[in-house]
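Hi everyone, thanks for coming. Please have a look at the structure on the screen, and then I'll walk you through it.

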Amino acid sequence: MTTEANIRENIARLSKSLFDRGFSAGSAGNISAAVEGGLLITPTNSCLGFLDPGRISKLDKEGRHIAGDKPSKEVFLHRAFYETRPGTGAVVHLHSTFATALSCLSDLDPNDCVPPLTPYVVMRVGKVGLIRYLRPGDESLGQLIRDLGGAYSAVLLANHGPVVAGKDLTSAVYAAEELEETAKLLVLTRGLPTTLLTPDQVTELLTVFANY
């Protein structure tokens, strides 16, 4: 059984991996994981590359801060996913370069802003919704995610960056990485003749890899 101490260590380990590979910069980004009695989340103004596992914030099921440093100011984004997507075990919010660049484009489909360019974005991420711009820290963003009714495991916050939920920490991090790599491909191929996966191919992937 995974203990809270193990989860704290894994948040720090995976956060450092993301930071070291340029998926976050400075104090950008935040990561949370569900634990018995509530959730853990990286502290406000902390750097993902230098987290102290013992100082990671802990909130109870009602969202009250009960241990560790002050939680990220964007904790409401995370709570919205836990509340609307049963089985969510972790949430990753990054300011990764290409997913953030994609979020700044003016011609995205808000209901499906990452087309099925590769099989792995279909398998690991699925459809990605677009959340209209509100300033960082505006708690109304949480309500916008709740309004989606759990339809998406990943969204792009316009002019801000991606938020990705998964069944556990590893799954959420892998999905966030896959979203970033797909966004990179989309930006690099923008304006070029591009072949997307067909609806039948997408359906096949979702059927064969339903529990991937």
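What should the 20 residues of helix α6 span, at 1.5 Å a residue? The expected span, 1.5 Å times one less than the number of residues, is 28 Å for α6 (residues 169-188), and its end C-alpha atoms are 29 Å apart, which agrees.

A word on where this comes from: the model is predicted, so local features need pLDDT of at least 70 and side-chain atom pairs pLDDT 80 or more, while totals for chains, interfaces and linings use all residues. Residues are numbered from 1 along each chain as its sequence is written, and side-chain values use heavy atoms, leaving out hydrogens and water.

Helices here are DSSP runs of H or I with at least four residues, strands runs of E with at least two, numbered from the N terminus.

Staying with α6, D168 caps its N-terminal end, with a side-chain oxygen 3.3 Å from the backbone nitrogen of T170. Among the buried residues of α6 are L169, V173, L179 and L186; buried means under 20% relative accessible area with a 1.4 Å probe, protein chains only.

Now to the sheet. It is open, with eight strands in the order β4-β3-β2-β1-β5-β8-β7-β6 and mixed pairing; strands pair if DSSP finds at least two bridges between them. The edge strands, β4 (65-67) and β6 (128-131), each pair on one side only.

In the sheet, β1 (residues 30-35) and β2 (residues 38-41) run antiparallel, joined by four bridges. A33 has L40 in β2 as its bridge partner.

Note on methods: Buried < 20%, exposed > 50% of the residue type's maximum accessible area, 1.4 Å probe, protein only. Polar contact = N/O pair within 3.5 Å; in protein donor to acceptor, adjacent residues only side chain to side chain.
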